[in-house]
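Hello,

Here is the structure I promised to pass on. Please have a look at it first, and then read my notes below.

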Amino acid sequence: MPTDFPLSWKITALVCGVMLSWGSSFSESTLGPLKKTLIKKLDITNAQYGAISSATSLVNTVLPIVGGYALDYYGVEWGSLACSVFIFLGAVVSAAGSNQDSFGLVMGGRIIMGFGSTVIETCTSKILAHWFQHRGLGLVYGLDISIGKLIVLMARATAVPMRDATEFWGWALWIPAIVCFVNLLQNIFYVWWAWSRPEWAQIPTGQKLSREQQQNDGLRAGNDQATAISTKSVHRTTVLPDWRNLLRVPRFFWLVVCTQILQAGTVGGFNGLSADIITLTRGSTEQLAGYTSAVQQVIPVVAAPFVGMFFDLVGFRMMFVSLTSAIWILVYCLIGYTETNALGSMVIASVAQTMNALPFLASIPLMVPSQVELGLVFGIWKSFNNSGSVVVDMIAGRLQDITPGGTYERVIAFFVAVKAIEFCLGLFYGVLDRRYLSGILTMSEKKRLVAEQNGSLPEPIGRRPSKVFTRVGFTLACSLIITAWVLFILYSI
């Protein structure tokens, strides 16, 4: 098999891969600027709005693990098609809720959308990791984040104008549904293109590897009867995946994911509330607040690829975890406890957005280099993040409801506390990387590849599985998922 793919193939995979989640991102990002509209039109509380904004995350407390492993086992193409269909159907149901001013329909549509919105992001991660063969991942993941932020920026900036374009406010939900349909057509094109590549270039699947292994076992048996028995066994055993593969998840990945429980949820929660915070604390109009909050998506559009290139060329991925946390703390304090211009705070937040998720996205394929396990670990990662997002949304909504005047002081204090913990964790990860991963998260891509080719890079202990880490990880995952569901049900009925 060639060590690399033709440039035209890589460009096609890059363009199609980053486009997979455009529809869901655009649809979900319109909610923040429409918070007051939804509360008024649907006659709901702040906590119930939190239920709507976290509805897609609720489904994805469990689904990413199942979906990620299914992508590994059955293939990205089938999985991405299923995700796109769910996203489109959910967007249509949610938009239909605007015609009836129905809280149940709007939230129900978001739940349906959730069956595809997060797993399709795992599809993108697997596609990029395969076609770029772990080379330049920082750059391509940075491009993915950059374009994703551009979609979010467009959604936030156009949400209120879409609402006000006619007398019917529901166009702010129907237009994103149309975008989801276009996204579905684009996904169909990618699947056709991927299946038209030679077999050696297609993304490997666990089902195919299992079938080949069992056929080889049958051939080694040395007689036709054994071969026939093995062939029958192949068709019987490769239909369903072997979930014992979960035990092969590396220990270092478990350590990172278990200590990042509420971090992504805090950033997502602030992003969804920033427009309303600006309106409440600065007296801005809803439209102006929507434009101002959208500014935090601007710098990542340009800078994220360069940060990714820095990881590829220089390294120091975990150092950026602490740096980003410090910037977020500054943003929260400025927007929540001072009267400084909100635009300046959003510009600083834009810098933090540039570096927020990229260190982890660029590091996970290094912790887990096998393509056949990559979907599973990205699924676990997203499951933790989405469970944490539900918990943070519910906590933030409740804190605002019990604060005199419905202000955000207690919400901001909670966000600051969570990010202060992550600042310490970033330093901790850097120390452990050098000790248990041979420093692969700290070194540049060139240095790592040379060390691997020379055989001077030993198999890091952090890439090895551990029953203790696996038990603790799944126990914590189950506890977090249960907590998310309990809080969601408590505040949505």
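**Helix α6 and what follows it**

Glycine 75, just after α6, has a positive phi of about 120°. This is a predicted model, in which local features need pLDDT of at least 70 and side-chain atom pairs count only at pLDDT 80 or more, while totals for chains, interfaces and linings use all residues. Residues are numbered from 1 along each chain as its sequence is written, and side-chain values use heavy atoms, with hydrogens and water left out.

Helices here are DSSP runs (H or I, at least four residues), numbered from the N terminus. Helix α6 covers residues 63-74, and its 12 residues should span 16 Å at 1.5 Å a residue (1.5 Å times one less than the number of residues). The end C-alpha atoms are 15 Å apart, which agrees. Among the buried residues of α6 (under 20% relative accessible area, 1.4 Å probe, protein chains only) are Pro64, Ile65, Tyr69 and Leu71.

Now the aromatic rings. Rings of Phe, Tyr and Trp (its six-membered ring) pair if their centres lie within 6.5 Å; planes under 30 degrees apart are stacked, over 60 edge-to-face, and the rest tilted. That gives 23 aromatic pairs. One of them joins phenylalanine 360 and tryptophan 381, tilted at 35° with centres 5.1 Å apart. Phenylalanine 360 lies in helix α20 and tryptophan 381 in helix α21, 21 residues apart. Both are buried.

Elsewhere, Phe5, Trp9, Trp131, Tyr190, Trp193 and Trp200 make up one aromatic cluster.

Finally, pLDDT (the predictor's confidence in each residue, from 0 to 100) averages 85 for the protein.

Best wishes

Notes: Helices (H or I, at least four residues) and strands (E, at least two) are DSSP runs, numbered from the N terminus. Buried means under 20% relative accessible area, exposed over 50%, partly exposed in between (1.4 Å probe, protein chains only).
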